[in-house]
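Let's take a walk through this structure together. We'll start from a single residue and work outwards.

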Amino acid sequence: MNNSPSVVFLDLASLNKDDLDMGELQTLSADFQAYPSTSPEEVQERIAGRSVVITNKVVIDEAAMQSNPDLRLILVAATGMNNIDLQAAERLGIQVRNCQAYGTPAVAQHSLMLMLVLITRFESYRQAVKEGAWQRSSQFCLLDYPIAELSGKTLGILGYGELGQAVGRLAEAFGMQVIAGSLPGRPHPGRPELAELLPQVDILSLHCPLTDQTRNMIDAEALALMKPGSLLINAARGGMVDEQALADSLRSGHLGGAACDVLSVEPPVNGNPLLATDIPNLVITPHSAWGSREARQRIVGQLADGLRAFAG
């Protein structure tokens, strides 16, 4: 390819666990260099002379862009582009492309998995077997923790785009009733606003972006509006939930359970209220919902599409 660009991938280990086919990206590149990770201090040196930079979470700010006059395209191996100074890129004539909808099947199934784990009290029963409670039981079964069914429950979804709708379809297959709500600041005809939605649902699942309007929208007041014993699922962004308020609601017994694939700061190197060990019926997964091999391979394909379009 005559117009093959010089490409550097700054944080390949965030995407590839030696299980992806990177051949298409390499074929489309005149020179392809990948680093497992890149510190802020290494960015300018590693992007020097490259016409294309691929990043997942490494920050590309105005100073980095200005340090490399050859830079023409930034490919983001994710949907969120908050690590890119988009205004600087526009001023400098640098294209920025992200990846979209790659993780819909993976995140949708993860969301349903979290609902099932909570409503069947899977973690409690698994721990009970590990601790020998079943072995000591006088009956053939152990039913120490209340089990419910998804069938007949009402699921509220905030963020009813492609992903929210995929979760809704899976929920309906389990016999649930689905209600899509309006996001704060974005009223939608026929969809209840938050204060109207919350008292109606048995389970609330979040699938919307983090914005100024959605930040901390699930706070103590919102949690108090939810039914006693209801469940919260967050596979979107941690900043939408007041984490201390959620911990308090679970400890008080008002909320029946919660499952989060995201926290407000990731990784939670300085701790987090939801990492306390005394919170009942809380499941935390490490922002892994999106990470199926199939989803990550779709990202590689979308990055290749971006390179192909750029090279013409």
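A good place to begin is Gly 306, which touches Leu 73, Leu 75 and Arg 97, leaving aside residues up to four places away in sequence. Keep in mind as you look that this is a predicted model. Gly 306 sits in helix H11. Is Gly 306 buried or exposed? With a relative accessible area of 1%, Gly 306 is buried, because anything under 20% counts as buried. Its surroundings also bring together distant parts of the chain: Gly 306 and Ile 94 are 212 residues apart in sequence, and their C-alpha atoms are 13 Å apart in space.

Now zoom out to the helix around that glycine. H11 covers residues 293–311, 19 residues in total, and spans 27 Å from its first C-alpha to its last, close to the 27 Å expected at 1.5 Å a residue. Its buried residues include Ala 295, Ile 299, Leu 303 and Leu 307, along with Arg 296. What covers them? Among the covering elements are strands S1 (6–9), S3 (52–55), S4 (73–76) and S5 (95–97), and also helices H1 (23–27) and H5 (104–119). Just after H11 comes Gly 312, with a positive phi near 75°.

The strands under H11 take us to a sheet. H11 lies across S1, S3, S4 and S5, and runs at about 165° to S4. Those strands belong to an open sheet of five, in the order S2-S1-S3-S4-S5, with parallel pairing. At the edges are S2 (31–34) and S5, each of which pairs on one side only. On average, neighbouring strands here are turned by 15° against each other, direction ignored. For a close-up, look at S4 and S5: they run parallel and are joined by three bridges. Ile 74 has Val 96 as its bridge partner in S5.

Ile 74 also turns up in the next part of the picture, the nonpolar core. In soluble globular proteins, nonpolar side chains tend to be buried together. Here the largest nonpolar core has 38 residues, and those that touch the most other members are Phe 9, Leu 25, Ile 54, Ile 60, Met 65, Ile 74 and Leu 303. At least two residues each come from S1, helix H2 (43–47), S3, helix H3 (62–67), S4, helix H4 (86–92) and H11. Which of them gives the most to this core? That is H11, with five residues. Met 65 makes a nice spot to pause: leaving out residues up to four places away in sequence, it touches Ile 60, Leu 71, Ile 74, Ile 84, Asp 85, Ala 88, Ala 89, Leu 92 and Ile 94. Apart from this core lies another, of 30 residues, including Ile 179, Leu 194, Leu 255 and Leu 274.

Next, a second sheet. This one is open and has six strands, in the order S7-S6-S8-S9-S10-S11, again with parallel pairing. Its edge strands are S7 (177–181) and S11 (282–284), and each pairs on one side only. From one strand to the next, the twist averages 15°. Within this sheet, S6 (residues 154–158) and S8 (residues 203–206) pair in the parallel sense over four bridges, and Gly 156 has Leu 204 as its bridge partner in S8. A helix crosses here too: H10 (residues 243–252) lies across S9 (231–234), S10 (257–260) and S11, running at about 145° to S10.

A few backbone details in the loops are worth a stop. Between S10 and S11 lies Pro 267, and the peptide bond leading to it from Glu 266 is cis, with omega near -10°. Ala 101, in the loop between S5 and H5, has a positive phi of about 60° although it is not a glycine. Ala 101 is partly exposed, at 41% relative accessibility. Asn 216 is another non-glycine residue with a positive phi, near 55°. It lies in the loop between S8 and helix H9 (220–225) and is partly exposed, with a relative accessible area of 37%.

Finally, step back to the whole. An unreviewed UniProt entry places the feature "domain: D-isomer specific 2-hydroxyacid dehydrogenase catalytic" at residues 24–310. Over that stretch the chain is 34% helix and 14% strand, with its end C-alpha atoms 14 Å apart.

Terms used:
Residues numbered from 1 in each chain as written. Predicted model: local features only at pLDDT ≥ 70, side-chain atom pairs only at ≥ 80, totals over all residues. Heavy atoms only, no water. UniProt positions renumbered as here; feature names shortened; annotations may be inferred. Pairing = 2+ DSSP bridges. Axes fitted to C-alpha atoms, helices over the stretch in contact; angles between N-to-C directions. Contact = heavy atoms within 4.5 Å. Expected span 1.5 Å × (residues − 1). Buried < 20%, exposed > 50% of the residue type's maximum accessible area, 1.4 Å probe, protein only. Core = buried A, V, L, I, M, F, W, Y, C linked by side-chain atoms within 4.5 Å.
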